[in-house]
Every structure is written in structure tokens, then in C-alpha cells.
Amino acid sequence: MTNRGRVVDRGRGRATATAGGSPGGWGSESPNPNRERGGTPPSFRGDAGDRGGGRGFFIRGGPLSPRGRGHASIFMHGQRAEIDPRIADNSDKEVVASFNPTRALRDPDNQPLRPDFGTDGKEIKLRTNFFPVQFHQQTPSLKLYTYHVNINPAPGYRAVNRRVYELAERSSEWGQAGMIGRVVHDNNANLLSASLLPQPLIIRVPYYNEDESGPPRQGDKMFTLTIIFVQELDTGPIASYLAGQMQYRDYNPSPIVSALNLILKSLPQKLDIFVWRNPGVEAWKGIYTSARPTYKQLMVNVDVCSALFYTPGNLVHAMNAFCDATFGPRTRIDSFFRGVRIEVTHFGYRKIVRKLVSFTARTYSFDTPEYGHVTLEDYFRRKYNIRLQYPDLQLVDVDGKAEKYLPAELCDILPGQLCRRGPTIGKQPFVAMSAAASRPPNIHGETTVKQLRHQLGLDVIRPELESFGITIGPDMAVIPGRILSKPGITYASSTAVSISDRASWNLVGVKFAAGARLDNWTVLVIKDGISGAEFASASDGDLYEVMSAFRHMCNTSGMSVTADPTYATAQLPCKAADPSDCMRRAATQTIKDTLLNIKPKPAFILVMLANEDKATYEGIKYLCDVHLDVATVCVQSSKIRRSAEALPEEEQRKAPRAYPHLSQQCLRDPIQHCQTSGTTADHGGIPGIQPQRVVQAQGRHCHL
């Protein structure tokens, strides 16, 4: 899809005048975690793209620190906010009004026009995290030149790409071509120049690592950069396009936006605030910038971002942390660490992890001229006097072609390496990053304006911007916004609910317009050795009380739940007992056997999960959706307990007790309670408990 005709935002209200981005207004308050101190802070580089180059930098200490959130207040309180002159005259509304709705519907590249643009709700002024981009007056139509860079042989890894460019920038050919201070690149195939470069342009780079003295010897590895002209970019037409001139409707601003993002990415980068860490990965918070086309103005959007980095330190600790966090198979751990830069401790040189192999130091053997045929464990003991602490751990391949394997305990992960495989390590780091990014509007705004303007080159002219004739304004854009009216929500019998100022409402006391019927259903209790979180069994009295409250709320909300559920318990085998069963197939089989014993087959199963084990959840969903053909809803046992306890007292009084003739102690453990207390009670009807009588000894009984 092209960007044709998208001169102003048609998304939501008049809270922004951007053409394809969020307004960037300061959000609401949310708590932050306490700050921890990390090791060496990483550097961060994003990838260039049409939606934003994604450059980031980081700052240590100061108001950015999540250690103290600060107090929520009005950002720039007492300072007058003036609407940006480019939209103060409502000319953006006139542009929207000039669009032809009929033509917009016929054009598949266009989104439908939003009705009532900038008219509904209460009008307010918003300071946004957008800064204007200006081209120098002496160059009203700035020329930029894009090039494609072909690197031969292909480096294969980002770290090698960066090193090739670093060495190329030091070469004499780079200076002779007039590229010093006049070009920017993405350390890959894209290069942007402020002037035409000679063609053909070929730069040969003798390669050597950072820890090696150079240049390398004759005949060592050589990379060749072939820089090929692609196109000339004229910045003149984009001003007419942004002004909404209809003859520029089909103009595509993406190349100019991508070029500006590449320039932003070249600005100096700083260090960030530490957010969260385990021995495998750590989270850092920084700043994200991207170029955005808005009405009559190119803008730079500045916002907070978070990213995961590999934790510097011994590779063995990182591997163990990964296994503990994910319980993942060997193929996943191999993928997670592939491409990580390491330093070999006993030699001091740096390598890249190509893969993890199935051999261990104890099982891998080879021939040597000094010691004959030896295992790798024996070789390190005899050659370097190193006794390996983890001889049964997978070896690290640092070559990819020849069999050059190293023990993981002799490899240290280098700092500053972005982890691009975050979803494989669980959600804990992402929860921490989300909490750290939620800050009061005034703190968030001060971070951008006071602490980051100098780093972005907003207070002084940066050489990287000067060579391209670009400056970035130091003041945040002020735009009109609107607080929309509350929506109207109506349920059965035309019952309208009360909506809060935060656009939330309570379902207590209302009924769905069309409630479902639930007759044949089962409650499955998963037990996985989680003390205190999971229900004791299918006969747990707390479970009956929770299900009683659940049924009551369903019926109150308009559903029809008249039948008692069937209760079942699945005691899963301990996952630590069989480390090779990474996908917990044995646990899934146990659940399958439990469900197949339920007669008749239920139409719906409410699963009480013991924990957040991903393999167990995926196994249940795959089993029930694909093999058993039964609908399931999975809930955390600990969370549904809290939900039931959080019911209003009035609703708790209305909810019928599951077994009103028995006390809570008796429900939790009927046999044990009555035997120890010497009471008598009829426990018939409780799932899993046979009717029985206990001799009365002390005259007490379980009846309420």
C-alpha cells in the first residue's frame, strides 16, 4: 500500500496532525519497579525503515532513573502553550474537507475518511514529543543521493558488517572519494550521501578483529565494498505534498523519510537506564527517534523505548539461565545464542558463536601431535592446565566450517549486544520494561526536553546534520486535541451502565443481551507441585466456593448455568525428573488420560492452571482443540482465587455455598477433619469422597 493522499491523520479526533504516527502526547501515570544496577551499559542501534530509523541512545542516572518515579504533575506548568502556527488557522481542516469521499472509497489505497473531523468533544492543547525538521534556507530544494553497497564476501553477521564499515571509514579510498563527514549508512546495504560520489566506487578492506593488531598480513581475509548509485532525492516536492496540494496526491514521501531516519541514526549515542536482569538477558531503557511526515512539516518523533541485551559474563551462566527460564529444547538454545560475540578467556581473542553442537568436552575427541588421541577435556587439562567444571555441557562452534569447538565455560559474552530473540525467554523482562516505561507525564516530558535535546543535536548543530543541510527545532510541537465524550454501552433490557472518566465500567448487576447456556461442563485442576498457588485437588473446599461464585456471576450476567460441573484432577509428572522432555509430552499425556476418563464427554472445560508454564498451556490447547474437539478456557488458580475474593460483599452473600451443610474445615479435608475432631457428617455428593460415617466421640459435628 502506498502513502497516497495521506496528508493529515484520519485516525482519531484532532489530537494530532501527523500523517501516519501516534500523536505522542504524554500518557498517564503507572508504577515503576525499583531500579537495579547493572554492569556495562550497552549501546543500541535500531534498523532503518520508512516508519522510523529506530535509533536509540541511553543515559545513566538523572531524572530518567526508575528508582524514583517523581511526582505526577502538569508538564511545563505555567508556561503558555501556543498552537503551532501551521495549523492555528485551521487550514488542516480545510484540507480534510477538500477530500472527495466518493473518490476515496473507489481508491483501494485510501483509508475511509473519518466523519466529524475535529468537531466532537472538548478542545484542548497538547504538547507532543515531535520536533520540527528544517532544511537550510540557502538550500530550499536539498539534494540527497542514495547508494546500494554490495559487500563481497557476505559477512553473515551484523558484528562483522559493523567492523567492515569501521575499517572502510579508516581507509584512504574512503577519504579520496570525499566521503568523510558527507555520508551516513546502516552498516549494511544502504548508504546516503550529501553529494555525488565517483562511479564506479570500489573500496577494498583488509579485515582484522578489534583485538588484533592490523593491518593483517598479505593474503589474509579481504572484503570488497562496491558502492552503486541508486537515485537522487529532491526534498522540494515533499513540502507541497505535506501542504495538501492535490496535484501531489500521488507523491511518495517514503524515500525522503527513510533518508532522514538514516541521518538520525548516525547521531552520537549514549548509555541507558538499567531496568531488569537475569544471567541470560538484561533490559535497558533508552530513546527512540523516527521521522514522520505531518501537515506542512516533517517532524522527528522522540519517545522512550526498551530493549533486551545479552547479559555480559560467562556463557555457561547465560545458558543455564535460558534453560531455567524457558525449559527449552536444545534446538531453541542453539538458536538463542547463535551470532553472539564472545571473548575466549584463555587466549583473549574474540569470536562469534556459530552454533552449539551436541558434543561435550567429555565425548568429543581428536588426534594431537603432543598427546595422541584425547578428549577435549583431557586436552585442556594437559595443554593449558585447565580443569573444566562443566565437561558435560554442549560445546560451542566458533568456526562453522572446521571443527573448532570450545567449552562454554571458557567463553565470555561481550557487552552491548542486542537480543533479537526475546519471545523465547518468557514474559518477565517484557513486564519489567513495560512498567519502567510507564511514568508520569511531567517526568516523561522533562526527560525528552531537558535531558535529551542536546544528545539529539536539538540545541547545537551536529556535524552529521550540518553536512546534509538539516536542523531540528528545539521546541516541542503544540497541537489541538479533543477529549471525546463517553461512549454509551447498553445491555439486556436497555440497561445502560455507568462509565468512568477512564472509559471503564463494571459488569456487576447487568446482563448480556444474549447469554449462553452451559450444561455439560468440567473443571480440571492441574497440579504441578506449586505449593500455595494451586488448588489441593478436585475436592478442595476453596475450589467449590470459587466455582459457586463463578456460577452465580455467570447467571447474574445473563448466562444460564444450572448444572454442577464435573471435577477432575491431573497430577503432572515433575518436569525436573526428565530434562529431555522439554515440551512436557508426559504432562500432556497425563491430562489426556484424565479427560478421556470423564463420562460423558464435556462440551466445555474450565482449566485451573497451577503456574504459567508455557509448555503445559500449549499442550492443553493443542490436545483439546485438535484431538479432543472440546472448548477450553484456562485460568491461573491463584488469580481466580483473588477474583472470587474481590467480589463485593453483597454479591458474596448472594452466592450460594457449594455444600452449605459442611464447614470450611470439613470441605478442605473431610476425612481428616472428622477423624481428628471426632465428629460425624455425611460427605456424600462431594466429588471423589465416598459417603461414610465417623463415630461421634465429643458430641461435635460438621453441620453448620
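Mentor: Before we start, a polar contact here is a pair of N or O atoms within 3.5 Å, where one must be able to donate a hydrogen and the other to accept it. Keep in mind too that this is a predicted model.

Trainee: Okay, what distance goes with the polar contact between the side chains of Ser 290 and Arg 292?

Mentor: Start with where we are: Ser 290 lies in strand E10, which covers residues 281-294. Its side chain and that of Arg 292 are joined by a polar contact, and the distance is 3.1 Å.

Trainee: And is Ser 290 buried or exposed?

Mentor: The cut-off for buried is under 20% relative accessible area. Ser 290 has 0% relative accessibility, so the residue counts as buried.

Trainee: Let's go to the surface. Which residues make the nonpolar patch of about 250 Å²?

Mentor: One of them is Phe 512, found in the loop between strand E22 (478-483) and strand E23 (517-518). The patch is made by Phe 512 together with two others, Trp 505 and Leu 507.

Trainee: How would you class Phe 512 by its relative accessible area?

Mentor: Buried means under 20% and exposed means over 50%, with partly exposed in between. Phe 512 comes out at 32%, so the label is partly exposed.

Trainee: Now the sheets. Which strands stand at the edges of the open sheet E26-E24-E27-E28?

Mentor: That sheet has four strands with parallel pairing. An edge strand has a single partner, so one side is left without a neighbour in the sheet; that fits strand E26 (566-571) and strand E28 (631-636).

Trainee: How much is the twist from one strand to the next there?

Mentor: We're still in the four-strand sheet, E26-E24-E27-E28. From one strand to the next, the twist averages 20 degrees.

Trainee: Which residue in E28 is the bridge partner of Ile 605?

Mentor: Strand E27 spans residues 604-609 and pairs with E28 in the parallel sense over six bridges. Ile 605 has its bridge partner in E28, and that partner is Thr 632.

Trainee: What about the five-strand sheet, which strands are at its edges?

Mentor: The order is E5-E6-E4-E8-E7, an open sheet with antiparallel pairing. Two strands have a single partner each, so each has one side without a neighbour in the sheet: strand E5 (183-185) and strand E7 (201-206). As for the twist from one strand to the next, it averages 30 degrees.

Trainee: Last one: which residue in E6 is the bridge partner of Tyr 147?

Mentor: Strand E4 (residues 143-152) and strand E6 (residues 190-193) run antiparallel and are joined by four bridges. In E6, Tyr 147 has as its bridge partner Leu 191.

Key
Residues numbered from 1 in each chain as written. Predicted model: local features only at pLDDT ≥ 70, side-chain atom pairs only at ≥ 80, totals over all residues. Heavy atoms only, no water. Patch = residues over 30% accessible without salt bridge, like charges linked within 9 Å, V, L, I, M, F, W, Y side chains within 5 Å. Areas by Shrake-Rupley, 256 points an atom, 1.4 Å probe, with all protein chains shown as cover. Salt bridge = Lys/Arg side-chain N within 4 Å of Asp/Glu carboxyl O. Buried < 20%, exposed > 50% of the residue type's maximum accessible area, 1.4 Å probe, protein only. Pairing = 2+ DSSP bridges. Axes fitted to C-alpha atoms, helices over the stretch in contact; angles between N-to-C directions.
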